[in-house]
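Q: Could you take a close look at the salt bridges in this model? I'd like to know which side chains pair up and how buried they are.

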Amino acid sequence: MKYYLTTPIYYVNDQPHIGHAYTTVVADVLARYHRQQGRDVFFLTGTDEHGAKIATSASKQGMEPQAFCDLNAAKFKVAWQALDISYDKFIRTTDEYHERAVIKIFQDLYDRGYLEEREYTGLYCVGCEKFLTDKELVDGLCPDHKQPPTSVKEKNWFFKLSEFLPRVRDLIASDEIKILPITRKNEVLGLIKTNSLGDFSVSRQKSSVSWGVELPFDKNQVSYVWVDALSNYITAVGYNQDEAEFNKWWPADLHLMAQDILKFHAVYWPALLLALDLPLFKTEFVHGFFTIDGQKMSKTVGNVIDPIALVEKYGADATRYLLLSQFPFGQEADIKAELFDERYTADLANGYGNAVARVTNLIEKNDITVRWEAADKEWREKIATYYTDLRFDLVIKEAVARIKALDVYINDTKPWQQTDSAELTSVLSHCANELKTISETLFPFMPAKAAAVLDCLNNDKIKKGPNLFPRLS
Ligand code: MSP
């Protein structure tokens with residue numbers, strides 16, 4: 001069975017930060033879990049590189065847009081490598097095959113009669129890459145970027161969204177396309193109901209924004225970034241290039257993102273797919289935005305966390321674990337930096353790491369040949385339901401409880417006092433089996449550490465395992 005999942009493609013004007021890392025680690029945990037279950041997985045991530053926002057950032061640095069994109073896309077790749085992200089493909093919207101497919105998409109939309117040229121006047125926020133209404137402004141400023149929007153008056157091509165809205169609404173309401181959690185589904189349905197979503201402009205005049213894909217039927221216009229960006233989910237898997245590949249992977253099983261880009265994914269994207277007469281994605285899971293120590297992450301506050309700094313301190317595996325164990329996936333929440341140290345020491349150094357050292361040490365000392373048991377099916381099924389609901393925090397919680405129970409079992413059975421060798425083999429075999437189950441469960445979160453433990457257990461003569469989680473200095 002195939003499983004195709006995606007992260008948003010991140011804007012290259014920003015450095016990869018803990019927010020991008022969070023969604024990407026979540027996707028990686030899912031990808032690794034589904035691979036572990038024997039599924040054929042395609043995990044896509046990448047960078048969003050066109051548009052006014054990128055062009056402006058490049059010129060501020062005195063760089064050509066393409067050189068600027070190359071430089072920053074590389075930073076995302078470095079960060080994902082540091083976090084041991086096992087993506088199958090990293091798409092960049094400046095990739096030539098993607099640009100070619102975007103041209104085809106525009107031509108199709110045009111040929112099908114879904115585009116119309118209109119005069120447009122509006123207030124545009126470059127930070128959001130979207131038009132804002134007067135109502136959305138706070139004291140005349142974009143509420144997110146605290147910048148005055150620019151007044152734009154130009155001729156643009158519009159996508160006739162209104163023709164698709166009733167169908168999009170029905171598809172969401174009937175769960176034919178699932179928007180999860182349910183609060184987000186209701187939010188989108190509410191948004192559609194307000195009638196505030198009209199046809200939207202899908203191009204920009206080249207004279208005002210030149211960094212984009214030129215429209216095939218109008219050389220004076222370039223693609224609006226969101227049409228270009230959303231298309232990545234199909235162009236990355238062979239759309240307009242390799243039909244067999246495309247049919248193998250599309251529709252996507254899961255698009256992951258945070259609430260900031262819900263409207264684009266839950267309304268615009270299905271409407272565009274309907275217009276192109278393509279199958280619809282199956283599920284979108286929309287997680288909350290988190291704050292850092294109670295404050296919105298921002299350069300001015302100075303609380304932007306660099307994922308590479310976390311990896312340097314805790315290692316890749318622990319960073320992944322610490323990110324996902326902070327709060328239930330989906331919720332809007334706060335990341336408390338001081339909790340990282342606490343959890344590292346409690347769950348990893350004193351918990352999992354210590355259990356591995358204790359058990360493997362006792363097995364080596366007593367020269368035990370472990371009796372392996374069949375897999376714990378009930379446990380696997382329980383974990384599978386957590387994955388269905390994307391409750392990573394519960395997978396972690398259960399694993400931590402099982403580590404604690406193992407610790408209690410060792411304290412109770414006191415293998416170091418045991419003189420009966422059959423009994424000792426039985427007790428330590430139980431411990432080794434427990435470690436195996438726990439490590440298999442933790443593998444998607446901590447692939448290198450869990451694999452090291454599984455390798456160590458996989459030997460005929462088990463030797464004391466590695467020191468997995470050194471104490472923090
Ligand atoms: N380029 C668009 C997405 C196009 S997808 C077809 C974009 N890029 S972004 O760089 O701004 O990334 C937004 C995404 O980054 C969020 O949806 C989320 O996945 C992640 N996050 C960024 N900051 C975050 C938090 N503070 N909290 C949680 N997720 C965060 O939007």
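A: Let's fix the burial terms up front: buried means under 20% relative accessible area, exposed means over 50%, and partly exposed is in between. Keep in mind that this is a predicted model.

With that in hand, take Lys248: its relative accessibility is 39%, so Lys248 counts as partly exposed. Its side chain meets that of Asp40 in a salt bridge, 3.0 Å from N to O. Lys248 sits in helix H9 (residues 243-249) and Asp40 in strand S2 (residues 40-48), so this pair ties together parts that are 208 residues apart in sequence. Asp40 is partly exposed too, with a relative accessible area of 35%.

Now for a pair within one helix. Asp28 and Arg32 both belong to helix H1 (residues 18-36), four residues apart, or about one turn of the helix. Their side chains form a salt bridge at 2.8 Å, N to O. Asp28 is buried, at a relative accessible area of 0%, and Arg32 counts as buried at 12% relative accessibility. This pair also has company: Asp28, Arg32, Asp84 and Arg320 are linked in a network of salt bridges.

Then there's Arg391 with Asp393, whose side chains meet in a salt bridge at 2.8 Å, N to O. Here Arg391 is partly exposed, with a relative accessible area of 28%, whereas Asp393 is buried at 12%.

As for the full tally, the count comes to 32 salt bridges.

How values were computed: Residues are numbered from 1 along each chain as its sequence is written. This is a predicted model: local features need pLDDT of at least 70, side-chain atom pairs count only at pLDDT 80 or more; totals for chains, interfaces and linings use all residues. Side-chain values use heavy atoms; hydrogens and water are left out. A salt bridge is a side-chain nitrogen of Lys or Arg within 4 Å of a carboxyl oxygen of Asp or Glu. Helices (H or I, at least four residues) and strands (E, at least two) are DSSP runs, numbered from the N terminus. Buried means under 20% relative accessible area, exposed over 50%, partly exposed in between (1.4 Å probe, protein chains only).
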